Structures are given as C-alpha cells and as structure tokens.
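Here is a short briefing for a first look at a protein model. Keep the sequence and the 3D view open as you read.

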Amino acid sequence: MLFLFSTIVTCNLIFYFFYERISNFFKLIDYTDNNRKIHFSETPRSGGIFFWLTLTIIFIFEFTNQFFYFYDSFLFSNIRTIISFYLLTSAIFFLGLFDDRYNLSAKRKMFYSTIIIFIFLNLDPNFVISELRFSTFDKVIFLGEFKIIFTLLCLLLLINAINMFDGMNLQVGIYLLLFFLYFILNSFLLILISSLLIPLLFYLILNARG
C-alpha cells in the first residue's frame, strides 16, 4: 500500500511542475467574467487531470491485483467492477475536459453525461442504488424498477451541483476536502478517498494561486 501512495505522490508531483505548460498547450485556461467566475487572474482548467491520473494509477494497481491474483483487491470485488468504474470516471473526465476546451452548452453536456452514466449503470448493477434505508424511522424503501432512474438522477444532480458551485477559487476544492474527510472519518472507502486527498491537495495549492 505504501508503494501505491508513493507512486501517486510522485506522479502528481511531476504533473504539478508541468501543470501550466500542459494547460497552455491544450488552451485550457479559465478567464474571469466578474459574474459567475471570480478569479484574480487567468486560471488553468486542467486541475481535473490530478484526479484522473490518481484514478488511473489505482486502476492499474487494482486490475493487476485482480487479473494476476497477487493478492486480494483492496477496493473492488471483481475485474468487471474495476473496469466499469474506471471507464465511467474517465468518460466523465474527458467530457469535462472537452467542455473546458470547447465550451459545450449545458443541454449537450447534460445529455452526454446522461448517456455515459446510463450505460455505466447497465454495465455494472453493483453501483445501482436499489433501496433507501432510514435509520431514524427504521424504514426501508425498495426502489424496484425505478432503481436505475433514481441512481442516474442522483449522479446527474451531484455533477450539476458541483458545476454550479464552481466559480470562485478554492470553493469546490474546500468542499471536496470536507466531503473526503467525512468519508475517511466514517471509514467509507478509506483507501480510495485517502488516495484522492493527494491530488486534491495539489489542486488546492494551484487553485489558491489563481
């Protein structure tokens, strides 16, 4: 596990030093409009690469462990789930990167996101929310045939909420930091969330400079 974290730190550190060059080369620059977007200067938009790079490293570790059976997987139970999760995150990442470069309309971005997530949920039902449990009322609601639609709606609302919340530097980064810390303190997906803290810290450092 130490090797995994050291690999993530090293790769993120290398990308950190080439961050501005990559952003300028692909013309991924966010300009302030003093309305919805508030920056003190032009801000590179390639911060998401930190997260995708980290997820790629985790995917390689997970896939290698599962395929060659070196030892039990530490996150996912089978190869299908590993591949499905990585394809979803990669597809959403590249859609966001394409949007940053060419400024897709909100309707098109929502349409493409819906298609991507819908295909993903049908590929691997392990990620589908099939029931809602309310511990306070000791009640369980089974979603039945509406489970895919409900899960799709939840993911779309989450993506849309983060996009709408983004605008001022550090705003989304600090929100994600609190979000990750909550899951770590409650021991949910501890290794995955702890790994994502590394690119988040690099992202916050660069975002603060904008």
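C11 is partly exposed, because its relative accessibility of 26% is not under the 20% that counts as buried and not over the 50% that counts as exposed. C154 is partly exposed too, at a relative accessible area of 31%. The count of disulfides comes to zero. The model is predicted.

**Overall make-up**

- The protein has eight helices and four strands.
- Along the sequence, these elements follow the pattern α-α-β-β-α-α-α-β-β-α-α-α.
- The protein has 210 residues, and buried ones make up 38% of them.
- Take the contacts between residues at least 6 apart in sequence: 61% of them join residues at least 24 apart.
- The exposed area is about 13,300 Å². Carbon and sulfur atoms supply 69% of that area.

**Nonpolar cores**

- In soluble globular proteins, nonpolar side chains tend to be buried together.
- Here, the largest nonpolar core has 28 residues. F180 and L200 have the most contacts inside it.
- Five elements give two or more residues each to this core: α1 (2-17), α3 (48-68), α4 (79-102), α7 (171-185) and α8 (190-209).
- Helix α8 gives the most, with 10 residues.
- Which residues does F180 contact, leaving aside its neighbours within four places in sequence? They are F51, I193, L196, L197 and L200.
- Another core, of seven residues, lies apart from the largest one. L88, F120, L121 and L152 are among its members.

**M110 in helix α5**

- M110 sits in helix α5, which covers residues 106-123.
- Is M110 buried, partly exposed or exposed? M110 is partly exposed, with a relative accessible area of 33%.
- Not counting residues up to four places away in sequence, M110 touches L156 and N160.
- M110 and N160 are 50 residues apart along the chain, yet their C-alpha atoms are separated by 8.3 Å.

**A nonpolar surface patch**

- Six residues, F111, Y112, I115, F118, I119 and L123, make a nonpolar patch on the surface.
- The patch covers about 570 Å².
- One of its residues, F118, has its place in helix α5.
- F118 counts as partly exposed, because its relative accessible area of 42% falls between the 20% and 50% cut-offs.

How values were computed: Residues numbered from 1 in each chain as written. Predicted model: local features only at pLDDT ≥ 70, side-chain atom pairs only at ≥ 80, totals over all residues. Heavy atoms only, no water. Core = buried A, V, L, I, M, F, W, Y, C linked by side-chain atoms within 4.5 Å. Buried < 20%, exposed > 50% of the residue type's maximum accessible area, 1.4 Å probe, protein only. Contact = heavy atoms within 4.5 Å. Disulfide = S-S within 2.5 Å. Patch = residues over 30% accessible without salt bridge, like charges linked within 9 Å, V, L, I, M, F, W, Y side chains within 5 Å. Areas by Shrake-Rupley, 256 points an atom, 1.4 Å probe, with all protein chains shown as cover. Salt bridge = Lys/Arg side-chain N within 4 Å of Asp/Glu carboxyl O.
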